[in-house]
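Please look at the sequence and the model below, and then follow the explanation of how some of the side chains come together.

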Amino acid sequence: MDQDALARVISAQIVIPLGISIVGIFDAIFFLTIRGDKERTKRMLLKSAFTVYLLVLISFTVLPILIPPMHTEELSYNLNPLTLLYAFSDRATLIDISGNAVLFMPVAVLGYLCRFNCFSSLKHSAITSLVVSVLLEAVEGLETYFGFADFPAVVDVNDVIMNVMGGIVGYVIIKNYQTGRMKL
């Protein structure tokens, strides 16, 4: 086995099945101890779905992590939000940027359904999406800077903007659905 293969210790192929297994074990214990309470069961399943989705989100954004660090890449960053306007001139860029919004919508939807206070209003949902997005971008940047990433990351303010937009759209969709103003 080569050194590069040995270094890929933390990857999506490990994190997602392990995380789903742990969530499944906790759910099984919960279902064995609490029977008949449909509301608590529903909330527990929603929290499990939220946890699994966060694992998938993290897997898409920051994994794999090389341990020990194998190389350092040049960290690039984009702090100009006006470049978001150029997305409409290039199909691939438009798909990439809109993908960030779509990827973040379930975070707000599941967070609201789980009744987490940080998703209780549009303002809270936007702030939570902002904080989570900035943290993800910071981790991507630190991974690249310290050599834990096997690909150079681009820390991009447009990713943050689109993630927040996805959180807002997700909140608006689920809020309108819950209040009966929208039918799916």
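Rings of Phe, Tyr and Trp, the six-membered ring being used for Trp, are taken as a pair if their centres lie within 6.5 Å, and a pair is called edge-to-face when the planes are over 60 degrees apart. In this structure, which is a predicted model, the count by this rule comes to 4 aromatic pairs. One of them joins Phe-50 and Phe-119, whose rings are 6.3 Å apart from centre to centre, with 70 degrees between the planes, and the pair is therefore edge-to-face because that angle is over 60 degrees.

Where do Phe-50 and Phe-119 lie? Phe-50 belongs to helix 3, whereas Phe-119 is in the loop between helix 4 and helix 5, so the pair ties together parts that are 69 residues apart in sequence. Phe-50 is buried, with a relative accessible area of 11%, and Phe-119 also counts as buried, at 2% relative accessibility. Phe-50 and Phe-119 form one aromatic cluster together with Phe-116.

Another of the aromatic pairs is made by Tyr-145 and Phe-146, and this pair is likewise edge-to-face, with 4.9 Å from centre to centre and 85 degrees between the planes. Here Tyr-145 is exposed, with a relative accessible area of 54%, while Phe-146 is partly exposed, at 47%.

From the aromatic rings we turn to the charged side chains. Side chains of opposite charge can pair when their charged atoms come close. The structure holds 2 salt bridges, and how are Glu-39, Arg-43 and Arg-115 linked? These three residues are linked in a network of salt bridges, which can be followed from one partner to the next.

In one salt bridge, Arg-43 is paired with Glu-39, and the closest N and O atoms are 3.9 Å apart. Both residues lie in helix 3, which covers residues 38-62, and because they are 4 residues apart there, about one helical turn separates them. Arg-43 is partly exposed, its relative accessible area being 29%, and Glu-39 is partly exposed as well, at 33% relative accessibility.

Glu-39 also meets the side chain of Arg-115 in a salt bridge, with 3.1 Å from N to O. This pair links distant parts of the chain, since Glu-39 is in helix 3 while Arg-115 is in the loop between helix 4 (91-113) and helix 5 (122-146), 76 residues apart. Arg-115 is exposed, with a relative accessible area of 56%.

Key. Residues numbered from 1 in each chain as written. Predicted model: local features only at pLDDT ≥ 70, side-chain atom pairs only at ≥ 80, totals over all residues. Heavy atoms only, no water. Salt bridge = Lys/Arg side-chain N within 4 Å of Asp/Glu carboxyl O. Helix = DSSP H or I, 4+ residues; strand = E, 2+ residues; numbered from the N terminus. Buried < 20%, exposed > 50% of the residue type's maximum accessible area, 1.4 Å probe, protein only. Phe/Tyr/Trp six-rings, centres within 6.5 Å; stacked < 30°, edge-to-face > 60°.
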